Amino acid sequence: MRKSPFSNCPLSGGAYGPTRVQRASSLASSGQQGYRSSFVLRHWAQSLSLGWAQPGRFSFCFRLFAEIQPPHPRKSGRTSSRQDGGLPLELHLAGEVADLARADLPPGTERKGERMLPLDLDPTTWMELPPAAWEELLNLTGESGRLKRGPFDVGAFWRSLHEKEPGPALQDALRCIHQLGTDDGRELIVQAAKDQNIELELSDEVPSRALAADLWVRSRHQGGEHLARILLLAGVVAEQVSRPRSSFEYVGSRPLTATLDRRKLEDAVIAWSKANKKHEAVEVFIYAREDVYFCEVVRGDPMKRVVEIRDGHRSALDFRPAVSDHIRYEPATGRISIATRAPRLREIYKRLLGSMLAGDETFFSDSSVCNLRPLQEQGAELFARLPPDILRVHVTELRWQRGGRDRLAVYGRDCFDVLDDLGARLSEGHVTEAKLKIYFVGDPPRADVVLRAPNRIEISGSGFRDEVIRRLLSEVGIRGSAPGSFAALDTWSLFPYRHHLGLWRQRLGSRCDASVGSGTLRAVILDGVANPDAPPGTPELAVEQLPDGQRLGVSLEPPTLRTLTATDYSGYELNWAVVAQAIARAAGLSGPVRAVESWLWQVGQRTLGSAQVNVMLATRLPPAEAALVMKQHAGGTRPVLVVPQDCTCRPDITPIVRVDPFASAFTDVLPRVVSQLGLQHEVPVRLWCSEELVLDTTTGRAWFGDQELPSLAKQPFDFAVLVARGRGQVVPKNLLNDKLSPSRPDDATARQAKAAFLRAVKASYQDAGMPWPANAPDIFPSQGGGYLLNCSAYVHPPQNSRVPSSSPVAGQ
């Protein structure tokens, strides 16, 4: 009899035994007609192997949910290890199953470090409710113990939420007040009531926060089911359009030991406010948990004036809004995160905290801590393996930047599937922003995470699972050290190849000036420039020209403007036409040199033995249909594709020749073409050998550099062959004399043969109207009673095996 997978489960005889699981399975199979549901179980061994649970503890945490999937199979495309289809349909067991992850802990304890107060719950929103409303709400949720037999206090309430995780009812109430207690939330409530054909009388005399709290309380009483439905519908939209405080992370150069003192921070913020003529009313709340400090700084915003209607008359009302800024401090990693709706305050907090905690206001200077490169390289596969309490991660929004102006925004259930369907070249440019939708086991069902390079991480709608999300982002490499700038992976990733000279110098080094001089890099006015006032990795500013000719750098996210100088917007572009023409000249190709596709240049044709070869150049990653497109442009000839040497091409495209597009010469292109096509026995050796000296013993022909040596006699030819086969070692004169002229008793034969060879080289270059190479006189220097080779060479056919061209003798 087959053993049940639940046989060894400590809870198999109780609430989570086979009967309960079978009931869940039956629920999973009761989907709508036309859809297939699958019941998924994840064994605790997975959580052990992934490091999300400690060995010896029962972190079983089955994934008990059904997945609604369309009846038709997905289109073939990028291989994916995860199930595709609709959103997870949580079972009635979801809340109970989520508790299994903590089943091994003593009663009344929590697994620390996993659930924290959500970042998007601004404490100032709670201050808008009167104490009586909070007391009623806490009594209704069964959490009146947080009041500690005293009047409601915001600070004490905030600390209690950190000390003890609120129950599902209180979590739901806090989310409702936060998301629907706004003007937009009020309008969503009205729309939801209309959608349900429910008459809902809402008074404009009741503030939005109080209205949301009152509706939630009423929905929990008997007969309030219709209100619960309205709040549910309105909350779905409110969660999508909520605007959480933007969180920016910074990391110092070393771990810290200093604690975050409430009084010192409060005094520092007050002192700065006073020195800068800001409002000095500041209140600070701090709580430490698991060596991580969480802080809320409640302060006054600048004065605002609105026109109010009071007693039927119009009047002006001046007031100063209270706002809260969130600070998170990790001493062990020397990292802070700052969430504030006032961008100018980020630098202020960063300097204050650096001075307080490290004695250096510039300590938290590294802002490159959100790295989207792993997401760009791996796509949705980055989240193929997840911790037990996360069901699925969807990449629902992507923002892509390519060059200065090319920006692409993609929205979908799986953005990478959309990009694949569109044939987008994911290696070009870089991801600047992404939105993740994370689905959990239990409550809350999901969270949204916005990631923006280089240091912005926003978490909303997660309930109390922010730390779970942060840990996931760290595990997959997103939350960590990001590259200081958008480093190119290969040449194709530089498209559209218009960049500041500094980037070209970084990539080419000493060859940069030569590339400018040859025209491979040509001067252009850039469409986008880096913002020198922003952290490295920040998306570029778009260059706009004013009517007076002055150029301005602008950005909408965040709103930024900066006057630009010629140095700022001057750049250089890789000129592929120059590269293609240089290849055509070096390979002796004929025909027009022109771009035939957005990614393909036709370089020219040449007859090599029995083959008519058509050489093409790929300036971007070839698409899926590239082989067919090349065949059409070749018109019956044999296409050969030239690609940059650092780029990986499609495996179905052959043959391929790799070159350095910034090379000073392309003399090795034709030899590589001959080698790739296997035409060595159909064409002269010189065409497929790139060595400086080539000697063909089957025909008696010799070449040095670009010139054949037609006047070379047999004796100097044999001399060159003997010395070349010496593999860079000294060949004695007596051996050379015996081979060249055994009948002569003197040693003049070798010396005369060398002189004749050099005369043949000089004559060949003179006949071509070219100066002979400067190294020609030193091809065969005399040393130790003999001669040796002082250049790369190849003797055909080789006696043994070919020697790499980097050696003194390239072949034998």
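These notebook entries record what I looked up in a predicted model.

Setup. I number residues from 1 along each chain as its sequence is written, and I use heavy atoms for side-chain values, leaving out hydrogens and water. In this predicted model, local features need pLDDT of at least 70 and side-chain atom pairs count only at pLDDT 80 or more, while totals for chains, interfaces and linings use all residues.

Entry 1, cores. I looked up the largest nonpolar core (buried Ala, Val, Leu, Ile, Met, Phe, Trp, Tyr and Cys residues joined through side-chain atoms within 4.5 Å; buried means under 20% relative accessible area, exposed over 50%, partly exposed in between, with a 1.4 Å probe and protein chains only). This core has 60 residues, and L608 and L641 have the most contacts inside it. Its largest share, eight residues, comes from helix 19 (residues 576-587); helices are DSSP runs of H or I with at least four residues, strands runs of E with at least two, numbered from the N terminus. I then noted a second, separate core of 35 residues, which includes W158 and L215.

Entry 2, cis peptide bonds. I found F495 and P496 joined by a cis peptide bond with omega of about 10°; P496 is in the loop between helix 15 and strand 15. The bond from T654 to P655 is also cis, with omega near -5°, and P655 is in the loop between strand 25 and strand 26. Most peptide bonds are trans.

Entry 3, positive phi. I recorded a phi near 55° for N197, in the loop between helix 8 and helix 9. N197 is exposed, at 73% relative accessible area.
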